[in-house]
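Let's take a walk through a protein chain together, starting with the overall layout and then stopping at a few spots inside and outside. Keep the structure open beside you as you read.

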Amino acid sequence: YENYMFLSIKALICIIILMEENMKKFFLVLFTIVLFLSGCSTNTNTPTSKVEEFMSKYQRMDSEVLSQLDSIVSNNKDLTDDQKKDYKNLIERQYQNISYKIKDENTSGENATVTVEVETFDYRSALNKSEEYYENNKKKFQKDDGKIDQEKYWDYKISEMKKTEDKIKNEIIFTLHKENDKWILDDISDSDRQKLHGLYGG
């Protein structure tokens, strides 16, 4: 019986030792994973990460982006108040459905460029078709005095934009510069902003 107890205790000790070794390996692997994930999550000071942050603001409809949109829409003197609301809703729909793909990143000293392919609803085509329809049917948009009824014309253009389901891809080359070891995204051009709105082209 004593021999049996001795063997049982010896076996138990071996099991505990093996468990300790496996636990050490487990915690070592876990620690490595945590370090890796921590490194990934804190590495936000790259040209690409800055562009991703910028694009995310549009997708999330960040307050800064919406404030900028409010300013653009309110300054449009061609639209009535109701049309401004419709137009703003169209652009917000654009933001919520925008997608993008990082194509390239190039750095040169304190400057960098990030090339992005942006996919949006093709509002530009809707406007082009509206203008073509207007050219062929001017009388439908004329007042009694022969002048263009701009309100009626914009109602038609907005209605065509609302029907848009087709999408278009455009390329934007973002530029960045370094300040105090931090990458700063430069302001985008009006034409690049039109690409984000799906209005680029003519």
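What follows is a short tour, from the whole chain down to single residues.

Keep in mind that this is a predicted model. The chain has seven helices and four strands, and if you read along the sequence you meet them in the order α-α-α-α-β-β-α-α-β-β-α. Of the 202 residues in the chain, 29% are buried. The accessible surface adds up to about 13,700 Å², and carbon and sulfur atoms account for 51% of that. How do the parts come together? Among contacts between residues at least 6 apart in sequence, 68% join residues at least 24 apart.

Now head inside. In soluble globular proteins, nonpolar side chains tend to be buried together. Here the largest nonpolar core holds 31 residues, and the ones touching the most other members are Met-55, Met-161, Phe-174 and Leu-196. Several elements give two or more residues to this core, among them helices H2 (47-59), H3 (63-74) and H4 (81-97), along with strand S3 (167-179). The largest share, five residues, comes from strand S2. For a closer look, pick Phe-174: setting aside neighbours within four places in sequence, its contacts include Val-51, Phe-54 and Met-55, then Ala-112, Val-114 and Val-116, and also Leu-185 and Ile-188.

Helix H4 is a good next stop. Its 17 residues reach 25 Å from the first C-alpha to the last, close to the 24 Å expected at 1.5 Å a residue. Buried residues of H4 include Tyr-87, Leu-90, Ile-91 and Tyr-95, but also Gln-83, Lys-84 and Arg-93. What do the buried residues of H4 pack against? Their partners are H2, H3, S2, H5, H6 and helix H7 (190-197).

One residue of helix H4 deserves its own visit: Glu-92. Why does Glu-92 count as buried? Its relative accessible area is 17%, so it falls under the 20% cut-off. Leaving out residues up to four places away in sequence, Glu-92 touches Met-61, Leu-66 and Leu-69. There's also a long jump in sequence here: Glu-92 and His-197 are 105 residues apart along the chain, yet 9.1 Å apart in space, C-alpha to C-alpha.

Next, look for rings. The structure holds eleven aromatic pairs. In one of them, Phe-141 and Tyr-153 have ring centres 5.6 Å apart and planes at 65°, so the pair is edge-to-face. Phe-141 sits in the loop between H5 and H6 while Tyr-153 belongs to helix H6, so this pair ties together parts twelve residues apart in sequence. Both residues, Phe-141 and Tyr-153, are buried, and they join Tyr-133, Tyr-134 and Tyr-156 in one aromatic cluster. Rings can have charged company too: the charged end of Lys-157 sits over the ring of Trp-154, 3.8 Å from its centre. Lys-167, meanwhile, lies over the face of Phe-121, at 4.9 Å from the ring centre.

Finish in the loop between S3 and strand S4 (182-185), where you'll find Asn-180. Most residues other than glycine have a negative phi. Asn-180, however, has a positive phi near 55°. Asp-181, in that loop between S3 and S4, also has a positive phi, about 65°, without being a glycine. Are these two buried or exposed? Asn-180 is exposed, with a relative accessible area of 76%, and Asp-181 is exposed too, at 61%.

Conventions: Residues numbered from 1 in each chain as written. Predicted model: local features only at pLDDT ≥ 70, side-chain atom pairs only at ≥ 80, totals over all residues. Heavy atoms only, no water. Core = buried A, V, L, I, M, F, W, Y, C linked by side-chain atoms within 4.5 Å. Buried < 20%, exposed > 50% of the residue type's maximum accessible area, 1.4 Å probe, protein only. Contact = heavy atoms within 4.5 Å. Expected span 1.5 Å × (residues − 1). Phe/Tyr/Trp six-rings, centres within 6.5 Å; stacked < 30°, edge-to-face > 60°. Lys NZ or Arg CZ within 6 Å of the ring centre and 35° of its normal. Areas by Shrake-Rupley, 256 points an atom, 1.4 Å probe, with all protein chains shown as cover.
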